[in-house]
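These are my working notes on one protein model. I set out to look up its charged pairs, a pocket, a sheet and a few backbone details.

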Amino acid sequence: MAHSLPCCTKNWFYPAMSGLYAPSAAGRHSPVHAARTPWVWDHFAARGFVTHVSNDACYPSELQDWWRSEDAPLPPNVSDHPMLDTFCKRRPARGADGEAWLESRTDGAQYSAALDRGESICLAGETLARRHLAQALGVLRAYPSAPKFVYAALNDANCRCASGAAHLDVEVARLIAEIGSRLTRTVLIIASGHGLRSADGFHPSLHLPLVTVVTPRRMLAELPSAAAALRRNQRRLVSPFDVHATLRHLGALGGKAPAAAAADPPPHP
């Protein structure tokens, strides 16, 4: 019961992770949005959370506003523990219009695989999804006394191949089992930016993106109003803005109030 904003991932990413609608044409860099976007991990950091952001794609379109441009990239400085552009190697090329572009998924430093032409990308016997989720779990376990916010973007389900979604299912199932057995106060939100974008031959429900929330029973018992809201929302059509509101609510529940901004001194009488 979720819906996405117009194509593509970047148009889902901005509302969910910042609360802003930033329509994008072909995922192009937007300096204005890069400078003024209130990212949700900064909201968590201000409340004492340790933050971790990762993306297993090389130069993904939804992160272009941090990199600036493919032809002249800037290193991303996102969260306490970023894992971005980790297994990638730039191979600049020129399109017919002279614009620089990068076939990043075809040429990497540790792998050589085309995402849209075959199998999931693997590195030393493990899919990139497993490596990124293992890093996320490592951050969750590394700070036992601090609240944590972790965001991991995985792209295998976006490929036109038989194995991508199946491999991702295995890794997400592994993550849920690890969280369920070790952590009792962790909320897990699994979401996709969009559903299938072709209307030919598919049931309309397949065009809706996935949004599901895994919440510890103990937390639901302590927050009956939140539990009731989750039950109601199972029968409502929700949007990326609702994901953002949920994340902001969790930040307020699990952290401390942010330090108040220094006020101007009172004028002399």
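The entries below follow the order in which I looked things up.

**Entry 1: status of the model**

I note at the outset that this is a predicted model.

**Entry 2: salt bridges**

I began with the count of ion pairs and found 5 salt bridges in the structure. I then examined some of them individually.

I looked up Glu171 and found a salt bridge with Arg130, in which the closest N and O atoms are 3.2 Å apart. This pair links distant parts of the chain, as Glu171 belongs to helix α6 (residues 164-182) and Arg130 to helix α5 (residues 128-142), 41 residues apart.

I also recorded a salt bridge between the side chains of Glu171 and Arg174, with an N to O distance of 3.2 Å. Both of these residues sit in helix α6, 3 residues apart, which is about one turn of the helix.

Which residues does the resulting network of salt bridges link? I noted Arg130, Glu171 and Arg174 as its members.

I then checked how accessible the members are. Glu171 has a relative accessibility of 5% and therefore counts as buried, the cut-off for that class being under 20%. Arg130 is partly exposed at 27%, and Arg174 is likewise partly exposed, with a relative accessible area of 37%. I therefore describe this network as a buried Glu171 joined to the partly exposed Arg130 and the partly exposed Arg174.

**Entry 3: a pair within helix α7**

I next turned to Arg218 and Glu222, whose side chains form a salt bridge at 3.3 Å, N to O. Helix α7 (residues 217-222) contains both, 4 residues apart, about one turn of the helix.

Are the two partners buried or partly exposed? I found Arg218 partly exposed at 48% relative accessibility, and Glu222 partly exposed with a relative accessible area of 44%.

**Entry 4: the second largest pocket**

I looked up the second largest pocket and recorded a volume of about 790 Å³. Its lining consists of 28 residues, and those nearest its centre are Val213, Ala229, Leu230, Asn233 and Thr246.

Which elements supply at least two residues each to this lining? I listed β9 (211-214), α7, α8 (224-233) and α9 (240-254). The largest share of the lining, 7 residues, comes from α9.

I also sorted the lining by class and obtained 19 nonpolar, 6 polar and 3 charged residues.

**Entry 5: an open sheet**

I traced an open sheet of 3 strands, arranged in the order β2-β1-β7 with parallel pairing. The edges are held by β2 (81-84) and β7 (148-153); each has a single partner strand, so one side of each lacks a neighbour in the sheet. Ignoring direction, I recorded an average turn of 0° between neighbouring strands of this sheet.

I then looked at one of the pairings in detail. Strand β1 (residues 50-55) is joined to β2 by 4 bridges, and the two run parallel. For Asn55, I found the bridge partner in β2 to be Leu84.

**Entry 6: backbone at Ser79**

I continued to the loop between α4 (64-67) and β2, where Ser79 is found. Its phi is near 75°, a positive value in a residue other than glycine. I noted the value because most residues other than glycine have a negative phi.

Why does Ser79 count as buried? Its relative accessibility is 19%, and the class covers values under 20%.

**Entry 7: helix α1 and what follows**

I closed with α1, which is mostly covered, 9 of its 10 residues being buried. The buried residues are Lys10, Asn11, Trp12, Phe13, Tyr14, Pro15, Ala16, Met17 and Ser18.

I selected Asn11 for a further look and placed it in helix α1 (residues 9-18). Asn11 has a relative accessible area of 2% and is buried. I also recorded its separation from Pro23: the two residues are 12 apart in sequence, and their C-alpha atoms are 5.6 Å apart in space.

Just after α1, I found Gly19 with a positive phi of about 85°.

Definitions and conventions
Residues numbered from 1 in each chain as written. Predicted model: local features only at pLDDT ≥ 70, side-chain atom pairs only at ≥ 80, totals over all residues. Heavy atoms only, no water. Salt bridge = Lys/Arg side-chain N within 4 Å of Asp/Glu carboxyl O. Buried < 20%, exposed > 50% of the residue type's maximum accessible area, 1.4 Å probe, protein only. 1 Å grid on protein atoms, 1.4 Å probe; cavity = no way out; pocket = protein on both sides within 12 Å on 5 of 7 lines; lining within 4 Å. Points joined across faces, edges and corners; volume = space filled by probe spheres on them. Nonpolar A, V, L, I, M, F, W, Y, C, P; charged D, E, K, R; others polar. Pairing = 2+ DSSP bridges. Axes fitted to C-alpha atoms, helices over the stretch in contact; angles between N-to-C directions.
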